[in-house]
Amino acid sequence: MAFIDELADKLGLTVGESVGGCKVTVYGRSGVIAEGHRGLYYYDDKAVKVRIKNGVLIIEGEGLNIRSANGQELAVIGHVSCVRMEEGL
């Protein structure tokens with residue numbers, strides 16, 4: 001177990017980051033979960049763009065697939081190379 005995971009477990013916290021009202025959890029280079037998003041904006045095997053408050057969350061990589069999606073959570077798997085946020089749409 002990684003240090004950050006141990007620390008979060010001891011403190012009773014969830015590892016993740018709130019970005020534009022959306023909680024983003026990155027699982028190494030193999031996946032990303034976005035919770036509290038505002039809908040899918042764009043998707044192909046190299047990029048997934050998700051609407052968030054005041055902008056867009058961009059997940060880039062190779063062989064990206066949407067594993068699951070609903071009104072609150074979006075799970076992306078594949079070889080993730082970059083996760084970033086841009087303001088506006």
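These are my notebook entries on a predicted model of one protein chain.

**Entry 1: Confidence**

I looked up the confidence before any detail. The protein chain averages a pLDDT of 84, and 76% of the residues score at least 70. Which elements mark the two ends of the confidence range? Strand E1 (residues 17–19) is lowest, at a mean of 48, whereas E6 is highest, at 95. I noted as a caution that predicted coordinates should not be read in detail where pLDDT is low.

**Entry 2: Secondary structure and burial**

I then listed the secondary structure, which comes to one helix and seven strands. In sequence order, the pattern of the protein chain is α-β-β-β-β-β-β-β. I also looked up burial: of the 89 residues in the protein chain, 28% are buried.

**Entry 3: The hairpin of E2 and E3**

I examined strand E2 (residues 22–27) and strand E3 (residues 31–35) together. In which sense do E2 and E3 pair, and over how many bridges? The pairing is antiparallel and runs over five bridges. For Lys-23, I found the bridge partner in E3 to be Glu-35. Three residues lie between the strands of this hairpin, where Gly-28 takes a positive phi near 55 degrees.

**Entry 4: The loop between E5 and E6**

I recorded a second positive phi at Asn-54, near 65 degrees, and noted that this residue is not a glycine. Asn-54 is found in the loop between E5 and E6. Is Asn-54 buried or exposed? Its relative accessible area is 61%, so I entered Asn-54 as exposed.

**Entry 5: Salt bridge of Lys-46 and Glu-62**

I turned to charged side chains, since side chains of opposite charge can pair when their charged atoms come close. The structure holds four salt bridges. One of them joins the side chains of Lys-46 and Glu-62, at 3.2 Å from N to O. Lys-46 is in the loop between strand E4 (40–43) and strand E5 (47–52), and Glu-62 is in strand E6 (residues 55–69); the pair links distant parts of the chain, 16 residues apart. I checked the exposure of both partners. Lys-46 is partly exposed at 44% relative accessibility, and Glu-62 is partly exposed at 43%.

**Entry 6: Salt bridges of Arg-84**

I followed Arg-84 next. Its side chain meets that of Glu-60 in a salt bridge, at 3.0 Å from N to O. Why does this pair tie together parts that are 24 residues apart in sequence? The reason is placement: Arg-84 lies in strand E7 (residues 73–87), whereas Glu-60 lies in strand E6. Glu-60 has 25% relative accessibility and counts as partly exposed. Arg-84 is partly exposed too, at 31%.

Arg-84 also forms a salt bridge with Glu-86, in which the closest N and O atoms are 2.3 Å apart. Through shared partners, salt bridges join Glu-60, Arg-84 and Glu-86 into one network. For Glu-86 I entered a relative accessible area of 36%, which is partly exposed.

**Entry 7: Aromatic rings**

I looked for aromatic pairs and the count came to zero. I did find a charge over a ring. Which residue places its charged end over the ring of Tyr-42? Lys-49 does, at 5.6 Å from the ring centre.

**Entry 8: Cysteines**

How many disulfides does the model contain? The count is zero. I looked up the exposure of two cysteines. Cys-22 is buried, with a relative accessible area of 0%. Cys-82 is partly exposed, with a relative accessible area of 25%.

**Entry 9: Ile-66**

My last entry concerns Ile-66, which lies in strand E6. Its relative accessible area is 25%, so I classed Ile-66 as partly exposed. I compared its position with that of Asp-44, which is 22 residues apart from Ile-66 along the chain. The C-alpha atoms of Ile-66 and Asp-44 are separated by 9.4 Å.

Notes
Residues are numbered from 1 along each chain as its sequence is written. This is a predicted model: local features need pLDDT of at least 70, side-chain atom pairs count only at pLDDT 80 or more; totals for chains, interfaces and linings use all residues. Side-chain values use heavy atoms; hydrogens and water are left out. Rings of Phe, Tyr and Trp (its six-membered ring) pair if their centres lie within 6.5 Å; planes under 30 degrees apart count as stacked, over 60 as edge-to-face and the rest as tilted. A charge sits over a ring if NZ of Lys or CZ of Arg is within 6 Å of the ring centre and within 35 degrees of the ring normal. Two strands pair if DSSP finds at least two bridges between them. Helices (H or I, at least four residues) and strands (E, at least two) are DSSP runs, numbered from the N terminus. Buried means under 20% relative accessible area, exposed over 50%, partly exposed in between (1.4 Å probe, protein chains only). A disulfide is a pair of cysteine sulfur atoms within 2.5 Å. pLDDT is the predictor's confidence in each residue, from 0 to 100.
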